[in-house]
Amino acid sequence: MVQKINHLNLKIMENITCNAYLFFDGNCREAMNFYQSVFGGTLNIQTYGEVDKSCPDAMKDNIMHARLSGGAILLMASDDPGSNRQLGTGKIQLALGGNDEEKLRRIFDALSTGGKVGVKLEKQMWGDIYGDLRDQYDIQWMVNISAK
Amino acid sequence: MKVVNPYLNFPGNTEEAFNFYKSVFGGEFSMITRMKDAQGMPVPEGQEEKIMHIALPLNSGQVLMASDNCNAETFKTGNNAYLSIHADSVEEGKKLYDALSAGGKAAHPFEKQFWGSWHGNLTDKFGVNWMVNYDESRQ
């Protein structure tokens, strides 16, 4: 039985990506422009206002998702103003992604054992299934299951 | 594109945390070194068995890595992560290190380390922690 579980585990990360995801207290655009100057690549930015028309004015221009790709490295980030990140914590989370819903749900559940789920893993307004959690070792994870 | 690897710090329970991640992601550790294995580095008493470096390769192509940081003054829960990148040459490593640390805080200069490869770490002007590495044996 133990062997069988190990065998499944070896396959569990196939076709799943694990990337660092950065959070900023309102200066995400400035920071990502800086990283683009260092690493090159193309920067794609979506603001909260573009994605959610009912978003409060104060948040409209904040970055919901920024993606720097095609240069030396792939970097993703967003703004999370007003959170405790202004104290210098939680700058980096780990983002797991893919479209194998069953596998990613299993990983989400396993990582949350003994930890604390923030956003429940369910369908979000951008069309994907998403959830996040802080594991029992205080590492923060995000899981995004792409819509097929 | 270069692979960016997450590098985590734990306040002394790295080994326990990584056994947990291994149970979640599968795979085998590609490296475990303990503080007592570090040649020429003074190790505080009681920390000999703590983890200096542990690596769990993920099938995604990335490697999840970590070490223990038992210094309560520098360890901050929620900010215990670095982005680790490998340069293709010493020159490129220096360039990346200098560019990223502009306006930030160069914690540990990019230079040859006792374990044989080049390493430097820094906090950039936005508060993000980076490690820059160059390893001849990878070329």
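From the N terminus on, the elements of chain A run α-β-α-β-α-β-β-β-α-β-β-β-β, an order that comprises 4 helices and 9 strands. The model is a predicted one, and what follows should be read as a description of that prediction. Of the 148 residues in chain A, 34% are buried. Where contacts in chain A join residues at least 6 apart in sequence, 53% of them link residues at least 24 apart.

The domain assignment of chain A gives two parts, with domain 1 covering residues 16–90 and domain 2 covering residues 93–148. Taken over C-alpha atoms, the centres of domain 1 and domain 2 of chain A lie 19 Å apart. Across the boundary between them, 11 residues of domain 1 of chain A are in contact with 13 residues of domain 2 of chain A. On the domain 1 side of this boundary in chain A, the largest share comes from strand β1 (residues 17–24), which supplies 6 residues. That side of domain 1 of chain A, sorted by residue character, divides into 7 nonpolar, 3 polar and 1 charged.

Within the range of domain 2 of chain A, helix α4 of chain A occupies residues 101–112. How far apart should the ends of this helix be, and what does the model show? At 1.5 Å a residue, the 12 residues of α4(A) should span 16 Å, and because the end C-alpha atoms are indeed 16 Å apart, the model agrees with the expected span. The buried residues of α4(A) are Leu104(A), Ile107(A), Phe108(A), Leu111(A) and Ser112(A). Seen down the axis of α4(A), these buried residues fall within an arc of 125 degrees, and therefore they line one face of the helix. Following α4(A) comes Gly114(A), whose phi is positive, near 75 degrees.

Chain B can be read along similar lines. Its secondary structure comes to 2 helices and 8 strands, and from the N terminus on the elements run β-α-β-β-β-β-α-β-β-β. A compact globule of 139 residues would have a radius of gyration near 14 Å, and the 15 Å of chain B agrees with that expectation. Taken along the principal axes, the C-alpha atoms of chain B fill a box of roughly 35 × 35 × 30 Å. Buried residues account for 37% of the 139 residues in chain B, and among its contacts between residues at least 6 apart in sequence, 50% join residues at least 24 apart.

For chain B, the domain assignment gives domain 1 as residues 1–77 and domain 2 as residues 87–139. The centres of domain 1 and domain 2 of chain B, taken over C-alpha atoms, are separated by 19 Å.

Helix α1 of chain B, at residues 14–25, has 12 residues that should span 16 Å at 1.5 Å a residue, and its end C-alpha atoms are 16 Å apart, which agrees. Which residues of α1(B) are buried? They are Thr14(B), Ala17(B), Phe18(B), Phe20(B), Tyr21(B) and Phe25(B). Around the axis these residues cover an arc of only 155 degrees, so they sit on the same side of α1(B). The residue Gly26(B) follows α1(B), and its phi is positive, near 80 degrees.

Two loop residues of chain B complete the tour. Phe29(B) is found in the loop between α1 and β2 (31–34) of chain B. Is Phe29(B) buried, exposed or partly exposed? A residue counts as buried at 20 or more other C-beta atoms within 10 Å and as exposed at 12 or fewer, and because Phe29(B) has 15 such atoms within 10 Å, it is partly exposed. Leaving aside residues up to four places away in sequence, Phe29(B) touches Ile54(B), Ala55(B) and Leu56(B). Gly61(B) is 32 residues from Phe29(B) in sequence, and the two are 14 Å apart in space, C-alpha to C-alpha.

Asp88(B) has its place in the loop between β5 (81–86) and α2 (90–101) of chain B. By the count already applied to Phe29(B), Asp88(B) is exposed, because 12 other C-beta atoms lie within 10 Å. Asp88(B) and Asn69(B) are 19 residues apart in sequence and 28 Å apart in space, C-alpha to C-alpha.

Notes. Residues are numbered from 1 along each chain as its sequence is written. Chains are lettered from A and ligands numbered from 1 in the order in which they are written. This is a predicted model: local features need pLDDT of at least 70, side-chain atom pairs count only at pLDDT 80 or more; totals for chains, interfaces and linings use all residues. The expected span of a helix is 1.5 Å times one less than its number of residues. The arc is that of the directions from the helix axis to the C-beta atoms. Domain bounds come from an automatic or database domain assignment. Two residues are in contact if their C-beta atoms, placed from the backbone, lie within 7 Å. Ala, Val, Leu, Ile, Met, Phe, Trp, Tyr, Cys and Pro count as nonpolar, Asp, Glu, Lys and Arg as charged, and the others, Gly among them, as polar. The radius of gyration is taken over C-alpha atoms; the globule rule is 2.2 Å times the number of residues to the power 0.38.
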